[in-house]
Amino acid sequence: MINSAASKVIACLFLFTLAGCSSKSSHAPAEDNVDTSADGGKQPDLIPVIAALHDQMHSWEGTKYQWGGTQLTGVDCSGFVWRTLKDRFNIPMDRVTTKELIAMGKPVDQAHLQPGDLVFFRIKRELHVGFYDTDHQFLHASVSQGVMRSSLNNPYWKSVYLEARRLPKEQNSQISFNYKNKV
């Protein structure tokens, strides 16, 4: 009971931080827009972002992979990211593909990833996307195992890592939590 209450408090705090994400497409013209600063100025409180991601993961973990899917009955990687942006971060946006997601926000150096950053991989000429979590972990919809958490330190994910992107902040974004077991 205490663990659940503490998780909800942490989730709320994390979500308030993530409230800055936006779905507005901001195409970065060149690699000189990569955020490589160690502190990038004032650091945001990322606890609400982490909490929202963990809440979403708790609801979706194990959901089977289904190409083009966006439901708990089956979801693909971009569908999982889209549903998380829409459901947890309340970013109003139409369904997007991985190709559209990789054009949003600005590039971020892998050494400066923050929870909520999108991480992209190139697998057999196809793009794959997930959310950076913490401690070199990311959340995604795996073709073989469904929605899960994986390590960026895994040799396979290291070999196919492409880039990361940070979505721009939006002042009016609200973070939502799922207080039920499933969405």
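These legends go with a set of close-up views of a predicted model.

**View 1. The whole chain, with five helices and eight strands.**
Start here to get your bearings before zooming in. Reading from the N terminus, the elements go α-α-β-β-α-α-β-β-β-β-β-α-β. The protein has 183 residues, and 48% of them count as buried. If you take the contacts with a separation of 6 or more, 69% are between residues 24 or more positions apart.

**View 2. The largest pocket, at about 620 Å³.**
The lining is made up of 26 residues. Look for Tyr 65, Cys 77, Thr 98, Glu 126 and Leu 127, which lie nearest the centre of the pocket. Sorted by class, the lining comes out as ten nonpolar, ten polar and six charged residues.

**View 3. Helices and strands around the largest pocket.**
Among the helices, α3 (77–87), α4 (98–101) and α5 (155–160) each put at least two residues into the lining. The strands β4 (118–123), β5 (126–132), β6 (137–142) and β7 (146–151) likewise supply at least two residues each. Which strand gives the most to this lining? That's β5, with three residues.

**View 4. Helix α2, residues 47–60.**
This helix passes a quick ruler check: its 14 residues, at 1.5 Å a residue, should span 20 Å, and the end C-alpha atoms are indeed 20 Å apart. Helix α2 is also largely enclosed by the rest of the structure, because eleven of its 14 residues are buried. The buried set takes in Pro 48, Val 49, Ile 50, Ala 51, Ala 52 and Leu 53, then Asp 55, Gln 56 and Met 57, and finally Ser 59 and Trp 60. After the helix comes Gly 62, with a positive phi near 85°.

**View 5. Helix α3, with ten of its eleven residues buried.**
With that count, α3 is largely enclosed by the rest of the structure. Its buried residues are Cys 77, Ser 78, Gly 79, Phe 80, Val 81, Trp 82, Arg 83, Thr 84, Leu 85 and Asp 87. Two of these names turn up in other views: Cys 77 is one of the residues nearest the centre of the largest pocket, and Phe 80 is among the residues that Leu 139 touches.

**View 6. The loop between β4 and β5, home to Lys 124 and Arg 125.**
Check the backbone here. Lys 124 isn't a glycine, yet its phi is positive, at about 45°. Arg 125 isn't a glycine either, and has a positive phi of about 70°. Are these side chains buried or exposed? Lys 124 has 77% relative accessibility, so it counts as exposed. For Arg 125 the relative accessible area is 78%, so this residue is exposed as well, the cut-off being over 50%.

**View 7. Strand β6 and its partners β5 and β7.**
Strand β6 runs antiparallel to β5, with three bridges joining them. One pairing to pick out is Gly 130 with His 140. The two strands form a hairpin with four residues between them, and Asp 135 in that turn has a positive phi of about 50°. On to β7: this strand and β6 also pair in the antiparallel sense, over six bridges. Three residues make the hairpin connection from β6 to β7. Because five of its six residues are buried, β6 is largely enclosed by the rest of the structure.

**View 8. Leu 139 in strand β6.**
How buried is Leu 139? Its relative accessibility is 0%, so it counts as buried, the cut-off being under 20%. Across the pairing, Leu 139 stands opposite Arg 149 in β7. Leaving out residues up to four places away in sequence, Leu 139 touches Leu 53, Met 57, Phe 80, Gly 130, Phe 131, Asp 133, Met 148 and Arg 149. Two of those, Leu 53 and Met 57, are buried residues of α2. Val 129 is ten residues away in sequence, with its C-alpha 8.9 Å from that of Leu 139.

Technical notes
Residues numbered from 1 in each chain as written. Predicted model: local features only at pLDDT ≥ 70, side-chain atom pairs only at ≥ 80, totals over all residues. Heavy atoms only, no water. 1 Å grid on protein atoms, 1.4 Å probe; cavity = no way out; pocket = protein on both sides within 12 Å on 5 of 7 lines; lining within 4 Å. Points joined across faces, edges and corners; volume = space filled by probe spheres on them. Nonpolar A, V, L, I, M, F, W, Y, C, P; charged D, E, K, R; others polar. Buried < 20%, exposed > 50% of the residue type's maximum accessible area, 1.4 Å probe, protein only. Expected span 1.5 Å × (residues − 1). Pairing = 2+ DSSP bridges. Contact = heavy atoms within 4.5 Å.
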